[in-house]
Amino acid sequence: MPWKRGANLFAAAAGVLLAAGCAETPGRTGVAPKPAAEHAAEPAPETASRAPESPVPSGRRVITLDSLMGAREETLRRLLGAPDFRRLDPPARLVRYRTPACLLDLFLYPDPGGDHRVTHVEARSPDGEDRATSQCLDAVALRARTPKTG
């Protein structure tokens, strides 16, 4: 049956892509999110009383990769603004932010409760070269905090 062969090829390709996404390479992080119950029990960060911004004049990051892991898409919009690109690849979602120097891809997968949360982050240059994820995040966060003119 031709459809079985196609389904098998699709399953094999999906497995390869998932395995490749988990590979340890510069500029990529694959930290699994904490269960929702653990997020609720964590104390509020010291910066909770002011709007998040990055980079801060002192050079200290307020939005970090660790703070994005496990975040929902609504949280990403609040912290980083509207994404430049969004794609649904069930069960995953890809949310992309773009600056002149880099592209920041955030991959969201459903948790046991069905909420999609960030489980993986990748950064690269517009021509596809790996970039430092934290620097790309800083650029995206700065863009989100810069007033738009003209």
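This is a short talk about three neighbouring strands and some salt bridges in a predicted model.

Hi everyone, let's begin with strand 3, residues 92-98. Five of its seven residues are buried, so this strand is mostly covered, buried here being under 20% relative accessible area.

What does strand 3 pair with? On one side of the story there is strand 2, residues 85-89, which runs antiparallel to strand 3 and is joined to it by five bridges. The connection between strand 2 and strand 3 is a hairpin of two residues. Then comes strand 4, residues 103-110, also antiparallel to strand 3, with six bridges joining the pair. Here the hairpin has four residues between the strands.

Now please find Arg96 in strand 3. Its bridge partner in strand 2 is Phe85, and in strand 4 it stands opposite Asp105. Arg96 and Asp105 also form a salt bridge, with their closest N and O atoms 2.6 Å apart. Are these two buried or exposed? Both Arg96 and Asp105 are buried.

For another setting, look at Asp89 and Arg87, whose side chains meet in a salt bridge at 2.7 Å, N to O. Asp89 has a relative accessible area of 36%, so it counts as partly exposed. Arg87, at 37%, is partly exposed too.

My last stop is Arg117, which meets Asp111 in a salt bridge at 2.8 Å, N to O. Arg117 is buried because its relative accessible area is 9%, under the 20% cut-off. Arg117 and Asp111 belong to a salt-bridge network that also links Arg72 and Asp115.

Across the whole structure, the search finds nine salt bridges. Thanks for listening!

Terms used. Residues are numbered from 1 along each chain as its sequence is written. This is a predicted model: local features need pLDDT of at least 70, side-chain atom pairs count only at pLDDT 80 or more; totals for chains, interfaces and linings use all residues. Side-chain values use heavy atoms; hydrogens and water are left out. Buried means under 20% relative accessible area, exposed over 50%, partly exposed in between (1.4 Å probe, protein chains only). Two strands pair if DSSP finds at least two bridges between them. A salt bridge is a side-chain nitrogen of Lys or Arg within 4 Å of a carboxyl oxygen of Asp or Glu.
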